[in-house]
Amino acid sequence: MRRLSVIVLTAIALLSVACGEKKQHAGHRLVSPAEFAKEMSEPGTVTLNVLGIDAPRIPGTDLEIALERLTSGHSMPPNSAALAVYCWSGRTSAAAIPVLEKLGYTNIVELDGGMQAWQADGRKLIQTASSG
């Protein structure tokens, strides 16, 4: 029984390490609002709100494409473009990262905590007519 416990615990540890490493993609970084603002201002960076066009947005956003429309051939920039990706809380942008990677994007920064963190850092949002 003890041997089985050791094997199970070892397997869990190995899976945890493997899953942890999987989250650390070479072309994806989770960044603070200050770092996100800096990345947005870099020439050639395309800022993408993955909540879509009816959601609030960060000033300077280039594209607003809902997560479910990312693979629909919507007007995405070339795969060589650097992407700065965000959503409201970080959950939707986290789901968008693997989709964007499958589309061939290799240089992606994601706003840690989304627009909520952006506002908590004292930064402004643009509200749309339907978002309040």
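W118 is buried, its relative accessible area being 6%. The model described here is a predicted one. This report starts from W118, follows the aromatic rings linked with it, and then turns to two residues of a strand.

**The aromatic rings**

Searching the whole structure gives two aromatic pairs. In one of them, the ring centres of F36 and Y86 are 5.9 Å apart and the planes meet at 85°, so this pair is edge-to-face. The pair joins distant parts of the chain: F36 belongs to helix α2 (residues 33–40) and Y86 to strand β4 (residues 82–86), with their positions 50 residues apart in sequence. F36 and Y86 are both buried. For F36 the relative accessibility is 0%, and it therefore counts as buried.

F36 also pairs with W118; here the ring centres are 6.2 Å apart and the planes stand at 85°, so this pair is edge-to-face. Because F36 sits in helix α2 and W118 in helix α4 (residues 114–120), the pair ties together parts 82 residues apart in sequence.

| Ring pair | Centre distance | Plane angle | Type |
|---|---|---|---|
| F36 and Y86 | 5.9 Å | 85° | edge-to-face |
| F36 and W118 | 6.2 Å | 85° | edge-to-face |

Through these ring pairs, F36, Y86 and W118 form a cluster. W118 has a further partner: R123 lies over the face of W118, 5.1 Å from the ring centre.

**Two residues of strand β2**

Strand β2 covers residues 45–49, and T45 is found in it. Is T45 buried or exposed? With a relative accessibility of 12%, T45 counts as buried, because the limit for that class is under 20%.

Which residues does T45 contact, once neighbours within four places in sequence are left aside? They are E39, M40, D62, A82, L83 and A84. For L83, the C-alpha atom is 5.6 Å from that of T45, although the two residues are 38 residues apart along the chain. For E39, the backbone oxygen lies 3.3 Å from a polar atom of the T45 side chain.

N49 is also placed in strand β2. Its relative accessibility is 0%, so N49 counts as buried. Not counting residues up to four places away in sequence, N49 touches A55, P56, R57, T61, L63, E64, I65, Y86, C87 and M115. Among these contacts of N49 is Y86, a member of the ring cluster with F36 and W118.

Notes: Residues are numbered from 1 along each chain as its sequence is written. This is a predicted model: local features need pLDDT of at least 70, side-chain atom pairs count only at pLDDT 80 or more; totals for chains, interfaces and linings use all residues. Side-chain values use heavy atoms; hydrogens and water are left out. Rings of Phe, Tyr and Trp (its six-membered ring) pair if their centres lie within 6.5 Å; planes under 30 degrees apart count as stacked, over 60 as edge-to-face and the rest as tilted. Helices (H or I, at least four residues) and strands (E, at least two) are DSSP runs, numbered from the N terminus. Buried means under 20% relative accessible area, exposed over 50%, partly exposed in between (1.4 Å probe, protein chains only). A charge sits over a ring if NZ of Lys or CZ of Arg is within 6 Å of the ring centre and within 35 degrees of the ring normal. Contact means heavy atoms within 4.5 Å. A polar contact is a pair of N or O atoms within 3.5 Å; within protein, one must be able to donate a hydrogen and the other to accept it, and residues adjacent in sequence count only if both atoms are side-chain atoms.
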